[in-house]
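This report walks through one protein chain, from single residues to overall form. Keep the sequence and the model in view while reading.

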Amino acid sequence: MLNVRELHVSYGGIRALRGVSLEVNEGEIVTIIGANGAGKSTLLNTISGFLKPAKGELEFKGHKLGRQPAKIVQLGICHVPEGRLVFTNLTVRDNLLLGAYLRTDRKAIAADLEKVYALFPRLKERERQLAGTLSGGEQQMLAMGRALMTDGQLVLMDEPSLGLAPLLVKTVFEIIVEIRKLGKTILLVEQNAFKALEVADRAYVLEQGKVVKSGRACDIAQDPAVRAAYLGSKSVAGGM
């Protein structure tokens, strides 16, 4: 579904990505793990068209991607950004409907809105509430629901568990698995390597803008270097 080949990205005088290559197959959850500053968010922002690569190729379902975010959404890629970035002065419902701003299929939009409410019942309860009054966990649910309203096939998720309490982190990862069951493909950037490797099929380890390891998530989780750097004493039995 997604092919990234020899991607180089620089901004502000920093070489953020240095020849990154990866692929995501339809129906997979693929996770990218790495320390702060490794280039994880830069990679997602480049796929979404917010940053321009200095070199390399991006291809989604046979279409070459460029720096045109709206067209990238139309092709079927949606983005759950780091920090949620909901529209705080709009209601929950209006935030969700903004996710469908490029769509014209009113009946399908209404059906997808009900699917989002079924996945996130708390959003249904708060649909008339201003997004800025929601808790951090509820705002994360809203950001995920808004992305689903684009009807994209590939969902880019950037640090969905960041800043959440442990119980909410568990809920977020359960929702990620449910989103895959809806027929979505997921590229997940996540600092919580332990949980990310639990739910993922495959993984890439990014260090200083380069892919240093890749493979099945269960194998990456058992790699001694990865365990020492990202997992501590925890172990992962396998991917889901």
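In which strand is Thr-185 found? Thr-185 is found in strand S8. Strands are DSSP runs of E with at least two residues, helices are runs of H or I with at least four, and both are numbered from the N terminus. This is a predicted model, in which local features need pLDDT of at least 70 and side-chain atom pairs count only at pLDDT 80 or more, while totals for chains, interfaces and linings use all residues. Residues are numbered from 1 along each chain as its sequence is written, and side-chain values use heavy atoms, with hydrogens and water left out.

**Strand S8 and its partners**

Thr-185 has a relative accessible area of 0%, so it is buried. Buried means under 20% relative accessible area, exposed means over 50%, and partly exposed lies in between, with a 1.4 Å probe and protein chains only. Setting aside neighbours within four places in sequence, Thr-185 is in contact with Met-1, Val-24, Asn-25, Glu-26, Gly-27, Glu-28, Gln-153, Leu-154 and Val-155. Contact here means heavy atoms within 4.5 Å.

The rest of S8 (residues 185-189) follows suit: five of its five residues are buried, so the strand is largely enclosed by the rest of the structure. Both faces are covered. Thr-185, Leu-187 and Val-189 lie on one side, and Ile-186 and Leu-188 on the other.

Which strands pair with S8 in the parallel sense? One is S3 (residues 29-33), over four bridges. Another is S7 (residues 154-158), over five bridges. Two strands count as paired if DSSP finds at least two bridges between them. On the S3 side, Ile-29 stands opposite Ile-186. On the S7 side, Asp-158 has Val-189 as its bridge partner.

**An antiparallel sheet**

Elsewhere, four strands form an open sheet in the order S2-S1-S4-S5, with antiparallel pairing. Its edge strands are S2 (14-24) and S5 (63-64), each of which pairs on one side only. S1 (residues 2-11) runs antiparallel to S2, and eight bridges join them. One of the pairs is Leu-2 with Val-24 in S2.

**Three more buried residues**

The table sets out three further positions.

| Residue | Relative accessible area | State |
|---|---|---|
| Asn-95 | 0% | buried |
| Ala-200 | 0% | buried |
| Leu-206 | 2% | buried |

Asn-95 sits in helix H3 (residues 92-98). Not counting residues up to four places away in sequence, Asn-95 touches Val-86, Phe-87, Leu-90, Ala-131, Leu-142 and Arg-146.

Ala-200 belongs to the loop between helix H8 (193-199) and strand S9 (202-207). Ala-200 and Leu-97 are 103 residues apart in sequence. In space, their C-alpha atoms are 29 Å apart.

Leu-206 is part of strand S9. Where does the chain bring Gly-39 relative to Leu-206? The two are 167 residues apart along the chain, yet their C-alpha atoms are separated by 7.2 Å. Beyond its neighbours within four places in sequence, Leu-206 is in contact with a list of residues that includes Leu-17, Val-20, Ile-32, Ile-33 and Gly-34. Ala-38, Gly-39, Lys-40 and Tyr-230 are also among them.

**Helix H1**

Lys-40 leads on to helix H1 (residues 40-47), which is mostly covered, with six of its eight residues buried. They are Lys-40, Thr-42, Leu-43, Leu-44, Thr-46 and Ile-47. Just after H1, Gly-49 takes a positive phi of about 90°.

**The whole chain**

Now step back. The protein chain holds 10 helices and 10 strands. Buried residues make up 50% of its 240 residues. Of the contacts with a separation of 6 or more, 66% are between residues 24 or more positions apart.

How does the radius of gyration fit a compact globule? A compact globule of 240 residues would have one near 18 Å, and the chain has 17 Å, which agrees. The radius is taken over C-alpha atoms, and the globule rule is 2.2 Å times the number of residues to the power 0.38. Along its principal axes, the C-alpha trace spans about 50 × 40 × 30 Å.

The accessible surface comes to about 11200 Å², and 51% of it belongs to carbon and sulfur atoms. Areas come from the Shrake-Rupley method with a 1.4 Å probe; for residues, only the protein chains shown count as cover.
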